[in-house]
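Let's take a walk through this structure together. Have the viewer open and follow along as we go.

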Amino acid sequence: MTDQPRGDAHEDTSPQNHNTSPQAPSEIGAIWDDRFATNEWPTEPDGPLVDHLCGVTPGSAIDLGCGPGRNAIWLARKGWSVTGVDASAVGLNQARLRAEADGINLELIQADLTTYQPPPKSFDLVVLANMHFSPEERTALFERFGAAVKPGGHFYVSGHHSESFGIAGPPDIERLFTEELLLELLTGFEVTVERHERRTGDGDIVIVDAVAWATAPHDDQEGQGVQ
Ligand SMILES: C[S@@+](CC[C@H](N)C(=O)[O-])C[C@H]1O[C@@H](n2cnc3c(N)ncnc32)[C@H](O)[C@@H]1O
């Protein structure tokens, strides 16, 4: 089972593919360094992200846990001004090389997301794709990441649905998402949650993802119960 993003044919369930604790931050980067150095990571962006951005005017975006940059690079190609943050130097270097080859600019930051503080109300779009944090850290992280969205901006979250437990994602069901959990984590936003099915392997394995598209209230709406 894996934290592999949608579209990837291979799914494995090894515990070392967890995103965060119990490993120390430096170990997380090293684990993903090894993974990115020895596996080809998909280059196609998240399908639901592409769908949700249809008709949205490009602005500033931050991709939290960008890895080799499949979403960050697609956004930059579409005219977004993109910052990518990740613990893996190898992943970030792959993103940098792809961006250079494309002649696009990405701001890339190596940081541990469990302590990284994005600047508040600074981004038209915050992307958190395939990041499966533990319940102990998740609520605080969603609050911190959500605070980075500008008034009227968007927070896109995707990850393995709990229905994918044992098939895809970390071997720890508590880290997986449900529609209800996403709604709870995104209190204060106007939220659409979706359940996405995709096929992998020879097409006979169905993986279910949970996706949220959340819009921050405008300043004059704050505290008025947008959700
Ligand atoms: C499953 S991959 C997802 C990559 C990308 N978002 C995507 O959808 O293709 C998880 C990424 O999160 C990064 N990551 C995991 N834990 C992290 C942490 N605590 N701080 C920063 N990056 C982390 C890994 O290095 C890896 O790039």
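In the protein, where is confidence lowest, and where is it highest? The low end is helix α1 (residues 25-38), with a mean of 91, while β1 sits at the top with 99. Keep in mind that this is a predicted model, so those values are the predictor's own confidence in each residue. Across the protein, pLDDT averages 89, and 86% of the residues reach at least 70. One stretch to treat with care is residues 5-22, where pLDDT stays under 50. For that stretch the model has 45 contacts beyond four places in sequence.

Now on to the sheet. Seven strands make up an open sheet with mixed pairing, and reading across you meet them in the order β3-β2-β1-β4-β5-β7-β6. At the edges sit β3 (106-110) and β6 (190-200), each with pairing on one side only. Ignoring direction, neighbouring strands are turned by 15 degrees against each other on average.

Strands in a sheet pair through backbone hydrogen bonds, in either a parallel or an antiparallel way. For one pair to look at, pick β5 (residues 149-160) and β7 (residues 205-215): they run antiparallel and share seven bridges. Within this pair, Gly159 stands opposite Ala210 in β7.

Next come the helices that pack on the sheet. Helix α3 (residues 70-77) touches β1 (60-64), β2 (81-86), β3 and β4 (123-129), and its direction makes about 170 degrees with that of β2. Helix α4 (residues 89-102) packs on the sheet too, touching β2 and β3. Its direction makes about 170 degrees with that of β3.

Methods:
Residues are numbered from 1 along each chain as its sequence is written. This is a predicted model: local features need pLDDT of at least 70, side-chain atom pairs count only at pLDDT 80 or more; totals for chains, interfaces and linings use all residues. Two strands pair if DSSP finds at least two bridges between them. Helices (H or I, at least four residues) and strands (E, at least two) are DSSP runs, numbered from the N terminus. Axes are lines fitted to C-alpha atoms, for helices over the stretch in contact, and angles run from 0 to 180 degrees between N-to-C directions. Two residues are in contact if their C-beta atoms, placed from the backbone, lie within 7 Å. pLDDT is the predictor's confidence in each residue, from 0 to 100.
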